[in-house]
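Hi,

Here's the structure I said I'd pass on. Have a look at it first, and my notes follow underneath.

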Amino acid sequence: MKILIIGGGNMGKTYARSLLRAHLVRKEDLMILVRSPAKADTLRTEDIGTVHLDAEACLAAADLIILAVKPQDSAKLFAALRPFTDPQQVYLSIMAGVTVATIQRGLGVEKIIRAMPNLPAQIGLGMTSFTASDAVTRIELVLVQNLLNTTGKAIYVNTEHAIDATTAISGSGPAYVLYFMQAMIEAASEMGFSPGEAELLVAQTFRGAVELQMKNDLTCAEWIKRVSSKGGTTEAAMAAFEQTSVFEDIKSGARAALARAEELGGRGN
Ligand SMILES: NC(=O)C1=CN([C@@H]2O[C@H](COP(=O)(O)OP(=O)(O)OC[C@H]3O[C@@H](n4cnc5c(N)ncnc54)[C@H](OP(=O)(O)O)[C@@H]3O)[C@@H](O)[C@H]2O)C=CC1
Ligand SMILES: O=C(O)[C@@H]1CCC=N1
């Protein structure tokens, strides 16, 4: 099977590396299509497949095509690809917001899988949800699921709303978590720790809290209770949080991401 990745940015490169590392594709069967000669030169030095600058030279040879460009670049890309597409090809899009129907219309093909991964895919700790058009066969779906599994965990969802909601939670989510970490690192520095110490204290705290939560025997609220001694420091911190709207603000951030995903797909207000 030959795979073509379109877009050699963060996510395009992540998929190339994961697929090669997992031996799901041989280097000679992996192609990457980019649009700038400078990017092509850089990618060639990384030795992660054959790098192309022209769709005509590579699209027809591909069985599976991964669309990893920004949503804002999709219309132009579809117009450039359309003359060379083949109805037998399977297209896997990771673009935020862009719907299956838009991709079908733009490319003139039926077999579309829409997925929403996240950046920890780079280190095999990604979270992806995916859905597929009716024309995708069960075998093709399993094949793509295997591919997504090389980057972490993947779940099948029934609706495109769930893909947009995934974008708002796990797609953009790493940024929310890192934002919280950034605030804690700043607090640690202000309390006198060196930058290295502050980062270690915070990163190891996040790792430990996440591992506890992933044990799956207590809810977040129950774990918070276990950390909080009566009349102690955690209670003081939690009471201070409760005085603010930070909890609701985090939820409204996620809702803004969902609205933007819908807007990028032309479904917003
Ligand atoms: N970053 C993330 O955490 C996540 C991103 N996504 C989705 O993944 C997609 C890619 O994101 P990301 O990798 O971060 O973005 P990047 O900007 O890092 O990469 C996109 C790449 O696409 C290239 N490109 C644009 N148009 C074309 C074209 N016509 N032909 C070939 N290449 C083209 C750009 O080229 P150039 O360098 O010349 O601009 C750029 O290198 C987006 O749609 C995003 O919604 C999904 C989940 C998580
Ligand atoms: O910010 C974005 O639009 C993309 C989608 C999810 C993460 N990055």
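D47 is exposed, because just 9 other C-beta atoms lie within 10 Å and the cut-off for exposed is 12 or fewer. Bear in mind that this is a predicted model. D47 sits in the loop that links α2 (37–46) to β3 (50–52), and its phi is positive, about 55°, even though D47 is not a glycine.

H23 has a similar story to tell. Its phi is near 60°, again a positive value in a residue other than glycine. You'll find H23 in the loop between α1 (10–21) and β2 (30–33). H23 counts as exposed because it has 8 C-beta neighbours inside 10 Å.

Now for the inside. Which residues have the most contacts within the largest nonpolar core? They are L4, I6, I66 and L67, in a core of 56 residues. That core takes at least three residues from each of domain 1 (3–157) and domain 2 (173–264). If you zoom in on L67, leaving aside residues up to four places away in sequence, you'll see that L67 touches I6 as well as Y91, L92, S93, I94 and M95. I6 therefore turns up twice here: as one of the residues with the most contacts inside the core, and as a contact of L67.

Last, the ligand. Around ligand 2 you'll find A96, T167, G171 and S172. By type, that shell splits into one nonpolar residue and three polar ones, with no charged residue.

Shout if you'd like to go through any of this together.

Cheers

Key
Residues are numbered from 1 along each chain as its sequence is written. Chains are lettered from A and ligands numbered from 1 in the order in which they are written. This is a predicted model: local features need pLDDT of at least 70, side-chain atom pairs count only at pLDDT 80 or more; totals for chains, interfaces and linings use all residues. Helices (H or I, at least four residues) and strands (E, at least two) are DSSP runs, numbered from the N terminus. A residue is buried if 20 or more other C-beta atoms lie within 10 Å of its own, exposed if 12 or fewer, and partly exposed in between; C-beta atoms are placed from the backbone. A residue is near a molecule or strand if its C-beta atom, placed from the backbone, lies within 6 Å of it. Ala, Val, Leu, Ile, Met, Phe, Trp, Tyr, Cys and Pro count as nonpolar, Asp, Glu, Lys and Arg as charged, and the others, Gly among them, as polar. A nonpolar core is a set of buried Ala, Val, Leu, Ile, Met, Phe, Trp, Tyr and Cys residues joined through C-beta atoms within 7 Å. Domain bounds come from an automatic or database domain assignment. Two residues are in contact if their C-beta atoms, placed from the backbone, lie within 7 Å.
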